[in-house]
Amino acid sequence: MDQEEVFERRYRAVRSRDRRFDGQFYTAVSSTRIYCRPSCPAQTPKPENITFYSTSAAAHEHGYRACKRCLPEAAPGTPEWNTRQDLAGRAMRLIREGTMNDGGVEALSARLGYSSRHLHRTLSAELGAGPLALARAHRIHLARSLLVGTSLPITEIAFASGFSSVRQFNDTARSVLGAAPREIRQRAHRSAGIARESAEAGGSSGFTESSLVRPFGADSPPAQRLALRLALPVRDPFNAVALFTFLAERAIPGVEFTQLDGEALVYARTLRLAHGPAAIQVTATPASPGQARDDPAPSCLHWRLHLECELSAWADIPAAVAVARRLFDLDADPLAVGAALSTDPALAPLVARSPGLRIPGTADGPEYLIRAIVGQQISVAAARTHLSRLVDALGTEHASSFAGLSRLFPTAEQISAGVPAPPSRAAPPALDPERPLRLPARSITTVRTAAAALTSGALGVHQGADTRELHDQLTAMPGIGQWTASYLMLRVLGDPDVWMTGDVVLLTGAKKLGLLEPGLNKAAAHRTLESHARRWSPWRSYAAMHLWQTAATPPAHTHHVIPERTLQYENP
């Protein structure tokens, strides 16, 4: 698609004030020197006055300020950083997690494995701004949300957002937002409708008026002394029931807690963040007051999500928000995915029946590597039992005000020290009935090998990892096969185009759809399905979610069919 066609498509989105494209690009207007989200309610500018940018930082770098009416920083995050597996996409995923807040460009470069000069050159060419400008844009957007929605002192907000000094915060606010932090807060207090306007325009990237700062007593555990409530913007449709159910089936008691009954869906878990232990709780409530939670049609469409955090330090706010957005795939573009998958007649009915299906993410890459190894070739329920025993034996106790949370998942170091090597075949001793893992010797060896690699730094499982390199590293380790490595790419890195050859549940779903001829042996069936799945690229991970859901759906189960018009989409 040439640049002229891209401009025309984006301008049509701006002219129609289409909220679906908020966060995917920014509209900078030369006559006002202001940039907006595509759905800004202001008068549509003339085409000759518009420049489109893929990041707000690029608009800042070219002298534009954020619109005070549409609050472009309040839009959901762009899905581009999840779909792009190149250096720019990996860098943006780490920037939004606050990687640069402690170590600057050097820390980001080291994590990605490139020189700072090469990183700056690549990001400037690809995104229109260097890493410092991109990080600054992320920090000021978070800071504005905190100013408007919380009573945190301005000094606390400055450091929580990642600024190195209050002066730097003040200068950046004046440059980017056109007002000092104190003015922004005073303006918000005079007009309580700012937060509501932001929510109506597509949500807030951070905090709403209902946000709260709860001080805890001096004798409270450190992780409970700082608490906030945040709004999590999400693009409709959002299949909350399917995603919360998936996480609930795999939740480890003490580390995770879920609630699927009642008026709201709840998922909570403990975390290890840069500045200490923490806990988060995500709550999904129907957007319409009278909406029934178990009605298949609304449950897939309109939900409001809120995040509650218990932190050891305000500086962990960016990381906590990033974890929540990653867990629930909140930066995805469900309409683009649905439109692409619907071109296959076999998948079109599934997309119509279950719009907004997301990829369930993970909170911690190293943790999930261990969980995936333990879960190889056993059922979900059996894996949960083994992991619960591991957590009870080696996990650290953690006090939380959230129901059901009591422990932290053990670190790689704790697993290396606490999981004994399997006994020798030549002279096997009596097995300890209290051992942390009661798995075959091969699986225990793989767990210990992976934990040692994580501890030494030889293996890095994080958001900035290169998908292909990490996949090759994992499959080179004895005991980790292609399926496990691919599953980790889907869950940990959120790669939208993963196909897990060898997954028997995918075969079950495909057979229900009539994609496989009867009588095919297993190997031939896997080859046939893998070949068919190529037409679903670059969204094969989402296709796999639909097949998994189909395999688990009883034959008598029926779905409400969403009108086809809700899936119409034109990607700019």
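This report walks through the nonpolar cores, a set of paired strands and two buried charged residues in a predicted model.

## Two nonpolar cores

Let us start with the packing. The largest nonpolar core in this model holds 67 residues. Within this core, the residues with the most contacts are L369, L474 and W536. L369 is a handy place to begin browsing: leaving aside residues up to four places away in sequence, L369 touches A450, L454, L459, V461, L474, I480 and L488. L474 thus appears both as a contact of L369 and among the residues with the most contacts inside the core.

Another core lies apart from this one and has 59 residues, including A158, V176, L271 and A320. As background, nonpolar side chains tend to be buried together in soluble globular proteins.

## Strands β7, β8 and β9

Next comes strand β8, which spans residues 276–286 and is mostly covered, with 9 of its 11 residues buried. Strand β8 has pairing partners in β7 and in β9.

Strand β7 (residues 265–273) runs antiparallel to β8, and 9 bridges join the two. The connection between β7 and β8 is a hairpin through 2 residues. If you want to look at one bridge, L273 has G276 in β8 as its partner. Strand β9 (residues 303–311) is also antiparallel to β8, joined by 8 bridges. Here you can find V282 opposite L307 of β9.

## E256 in strand β6

E256 belongs to strand β6, residues 256–259. Is E256 buried or exposed? Its relative accessible area is 7%, under the 20% cut-off, so E256 counts as buried.

What does the side chain of E256 meet? There is a polar contact of 2.5 Å between the side chains of E256 and Y267. Not counting residues up to four places away in sequence, the residues that E256 touches are R250, A251, Y267, A268, R269, R371, G404 and L405.

## R235, buried without a salt bridge

R235 sits in the loop between β5 (226–232) and α12 (240–249). R235 is buried yet has no salt bridge. Why is there none? The nearest side chain of opposite charge, D331, is 5.2 Å away, and a salt bridge needs a side-chain nitrogen within 4 Å of a carboxyl oxygen.

Where, then, does the side chain of R235 reach a backbone oxygen? One such oxygen is that of D22, at 2.7 Å. The backbone oxygen of A332 is reached at 3.5 Å.

Note on methods
Residues numbered from 1 in each chain as written. Predicted model: local features only at pLDDT ≥ 70, side-chain atom pairs only at ≥ 80, totals over all residues. Heavy atoms only, no water. Core = buried A, V, L, I, M, F, W, Y, C linked by side-chain atoms within 4.5 Å. Buried < 20%, exposed > 50% of the residue type's maximum accessible area, 1.4 Å probe, protein only. Contact = heavy atoms within 4.5 Å. Helix = DSSP H or I, 4+ residues; strand = E, 2+ residues; numbered from the N terminus. Lys, Arg positive; Asp, Glu negative; His and termini not counted. Polar contact = N/O pair within 3.5 Å; in protein donor to acceptor, adjacent residues only side chain to side chain. Pairing = 2+ DSSP bridges.
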